[in-house]
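Visitor: Before we begin, could you take me through this model slowly, and set each word you use against the rule behind it?

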Amino acid sequence: MAASKPVEPQSGSGLPRWQLALLVGTPIVLGVGAIYLWNRRRTKDGPRKGNEERKTPEGSASPVQGQDGEHDNMSPLDRAQAAKNKGNKYFKATKYDQAIQCYTEAIALCPTDQKADLSTFYQNRAAAYEQQMKWKEVVLDCSQAVELNPRYIKALFRRAKALEKLDNKKECLEDVTAVCILEAFQNQQSMLLADKVLKSLGKEKAKEKYKNREPLMPSPQFIKSYFSSFTDDIISQPLQKGEKKDEDKDKEGEAAEVAESSGYLKAKQYMEEENYDKIISECTKEIESGCRYTAEALLLRATFYLLIGNATAAQPDLDRVINMQDANVKLRANALIKRGSMYMQQQQPLLSTQDFNMAAEIDTRNADVYHHRGQLKILLDQVDEAVGDFDECILLRPDSALAQAQKCFALYRQAYTGNNPAQVQTAMDGFEDVIRRFPKCAEGYALYAQALTDQQQFGKADEMYDKCIDLEPDNATTYVHKGLLQLQWKQDLDLGLELIGKAIEIDNKCDFAYETMGTIEVQRGNLDKAIEMFNKAINLAKSEMEMAHLYSLCDAAYAQTEVARKYGLKPPTL
């Protein structure tokens with residue numbers, strides 16, 4: 001959205017980003033699952049249900065032979081099994097102290113060379129401690145069980161849950177990652193715990209990193225793409241006659257003086273020259289001087305604060321513009337759009353909706369308001385309202401190819417997720433109409449390509465991406481999507497990586513390219529390379545939420561390196 005980047009829809013490539021999944025209203029991919037996107041090992045019955053918890057102890061509760069008067073003739077292992085069975089009875093009767101005593105007796109009686117049985121006794125005692133919420137004891141006993149049986153799923157998962165209670169997220173993640181791999185990602189319980197821990201770790205790390213990060217100006221390609229999503233944005237319009245410094249330089253009129261002294265007009269000149277690093281400082285000069293372009297300078301400075309990921313600095317400027325009752329209404333509406341988009345990025349949908357609605361009230365004929373509010377409605381899974389906003393935008397600006405294309409995509413996703421073939425075909429016909437009427441709209445081809453990929457019409461999708469690249473050869477994101485298409489369509493790993501590498505060559509600040517490259521490297525088993533790519537994407541993230549997502553991917557990859565080192569476990573690779 002406006003506070004970060006133009007909305008990127010779901011790629012349909014088999015490698016969705018969490019943000020893109022959110023955009024189109026589909027279920028969010030689980031954190032660990034997102035790292036293993038090519039893992040297709042599935043049982044016939046599908047994943048286990050989430051209510052299959054590992055609470056009960058292992059082993060039969062029935063007595064072993066000889067319990068009635070023949071105890072002295074039993075072997076040490078049989079005596080241990082008898083104590084364990086007695087403990088199981090107490091466990092089922094919720095008499096956990098007695099159960100623990102019995103399991104402790106079983107551990108003491110069991111011969112040390114009977115590792116499988118001994119590991120079970122430790123695991124059972126851990127289950128009883130778990131019921132008493134004695135988390136440290138759970139960890140100790142599960143650790144004993146895992147030492148005796150390194151691939152003991154119940155013990156690993158129980159220890160993971162206890163580690164989470166003890167706020168030891170790093171080791172919890174390693175254990176639950178091992179469980180996911182051992183279960184081939186078939187158990188919802190372990191997947192949900194992994195996702196929960198990854199998100200929590202990601203948020204913690206992103207919060208610390210984001211507040212201390214150095215501001216980073218996005219690439220010129222990204223900035224131009226961002227401003228192209230606005231049509232009624234005064235600050236992004238070219239300098240007018242009399243505003244440029246080299247015009248009327250022999251005259252002593254007001255226009256020449258303003259052009260020479262105005263920090264805002266200098267900032268606009270720098271925009272045309274793509275000298276973006278100087279814009280914030282020139283806007284600050286204009287604001288501090290209190291000259292005629294104060295409102296414009298505040299809005300332009302806020303916009304570039306948002307672009308470099310400094311929402312804290314942007315908000316006071318946006319607030320000032322919004323509250324300037326005598327300012328141009330289009331400036332105030334634009335500020336509301338950007339603040340609303342910023343709120344959505346901060347996961348405050350109510351405040352975001354309020355700002356967009358206020359923008360529509362004060363500037364009813366501003367096409368940008370409806371266009372960007374339509375994108376907000378898609379994020380909120382309010383597709384009918386989104387289509388209504390796109391229609392209003394198109395009514396005000398019939399030549400708005402971008403709104404036409406995004407309306408088609410919204411209708412397509414609604415039909416696709418609703419499993420309505422007739423409406424899917426209607427939406428696909430709508431895409432054909434858009435690219436026929438607006439052959440210069442690269443976004444139309446890109447969105448159509450993603451819909452075609454969903455429909456497994458890979459050849460035609462590839463053609464659409466080629467048309468998009470012809471129109472915008474410096475659009476790195478298109479190369480990433482085309483690369484992902486090659487992986488899904490032809491399983492051509494080399495070509496896919498080549499295209500994603502081309503995206504990075506075009507725009508070395510394209511975080512999506514690094515993220516995707518990292519995800520593929522995980523699939524190839526190149527975990528160190530994957531972590532390197534994720535870290536590059538983290539340093540380029542434009543919001544704390546996006547950074548948290550990237551940390552989740554990086555942490556999942558790192559957990560796999562630890563699991564491989566400790567247990568020799570690796571998921572299937574490409």
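Visitor: Why is Ala537 called buried?

Guide: Buried means under 20% relative accessible area, while exposed means over 50% and partly exposed lies in between, with a 1.4 Å probe and protein chains only. Ala537 has a relative accessibility of 0%, which is under that limit, and therefore Ala537 counts as buried. The model is a predicted one, in which local features need pLDDT of at least 70 and side-chain atom pairs count only at pLDDT 80 or more, whereas totals for chains, interfaces and linings use all residues. Residues are numbered from 1 along each chain as its sequence is written, and side-chain values use heavy atoms, with hydrogens and water left out.

Visitor: Where does Ala537 lie, and which residues does Ala537 touch?

Guide: Ala537 belongs to helix α27, residues 527–540, where a helix is a DSSP run of H or I with at least four residues, a strand is a run of E with at least two, and both are numbered from the N terminus. Not counting residues up to four places away in sequence, Ala537 is in contact (heavy atoms within 4.5 Å) with Asp511, Tyr514, Glu515 and Leu550. With Glu515 the C-alpha to C-alpha separation is 5.8 Å, although the two residues are 22 residues apart in sequence.

Visitor: How do you know that Tyr129 is buried, and what does Tyr129 contact?

Guide: The relative accessible area of Tyr129 is 15%, so this residue of helix α5 falls on the buried side of the limit. Leaving aside neighbours within four places in sequence, its contacts are Ile100, Lys134, Glu137, Val138 and Asp141. The C-alpha atoms of Tyr129 and Ile100 are separated by 7.6 Å, with their positions 29 residues apart along the chain.

Visitor: What makes Arg373 count as buried, and what joins Arg373 to Asn357?

Guide: Arg373, in helix α18 (residues 367–379), has a relative accessibility of 14% and therefore counts as buried. A polar contact is a pair of N or O atoms within 3.5 Å; within protein, one must be able to donate a hydrogen and the other to accept it, and residues adjacent in sequence count only if both atoms are side-chain atoms. The side chains of Arg373 and Asn357 are joined at 2.9 Å, and that is a polar contact. Outside the neighbours within four places in sequence, Arg373 is in contact with Phe356, Asn357, Ala360 and Asp389.

Visitor: What makes the aromatic pair of Phe431 and Tyr448 stacked or edge-to-face?

Guide: A search of the whole structure finds nine aromatic pairs, where rings of Phe, Tyr and Trp (its six-membered ring) pair if their centres lie within 6.5 Å, and planes under 30 degrees apart count as stacked, over 60 as edge-to-face and the rest as tilted. Phe431 and Tyr448 are 5.2 Å apart from centre to centre with 20 degrees between the planes, and so the pair is called stacked. Phe431 in helix α21 (residues 421–437) and Tyr448 in helix α22 (residues 442–454) are 17 residues apart, and the pair links distant parts of the chain. Both residues are buried.

Visitor: What is said to lie over the face of Phe230?

Guide: Lys338 lies there, at 5.0 Å from the ring centre; a charge sits over a ring if NZ of Lys or CZ of Arg is within 6 Å of the ring centre and within 35 degrees of the ring normal. Phe230 is also part of a cluster that ring pairs form with Tyr226, Phe227, Tyr276 and Phe304. Elsewhere, the charged end of Lys490 sits over the ring of Trp489, 4.3 Å from its centre.

Visitor: Why is Met133 called exposed, and what is noted about the phi of Met133?

Guide: Met133 has a relative accessibility of 59%, and so Met133 counts as exposed. Its place is the loop between α5 (115–131) and α6 (135–148), and its phi is near 60 degrees, a positive value in a residue other than glycine. Most residues other than glycine have a negative phi.

Visitor: How do you know that Gln491 is exposed?

Guide: The relative accessible area of Gln491 is 58%, and therefore Gln491 is exposed. Gln491 is found in the loop between α24 (476–490) and α25 (493–506), and, although not a glycine, has a positive phi of about 50 degrees.

Visitor: How many helices and strands are in the protein chain, and what share of its residues count as buried?

Guide: The protein chain has 28 helices and zero strands, and 56% of its 574 residues count as buried.
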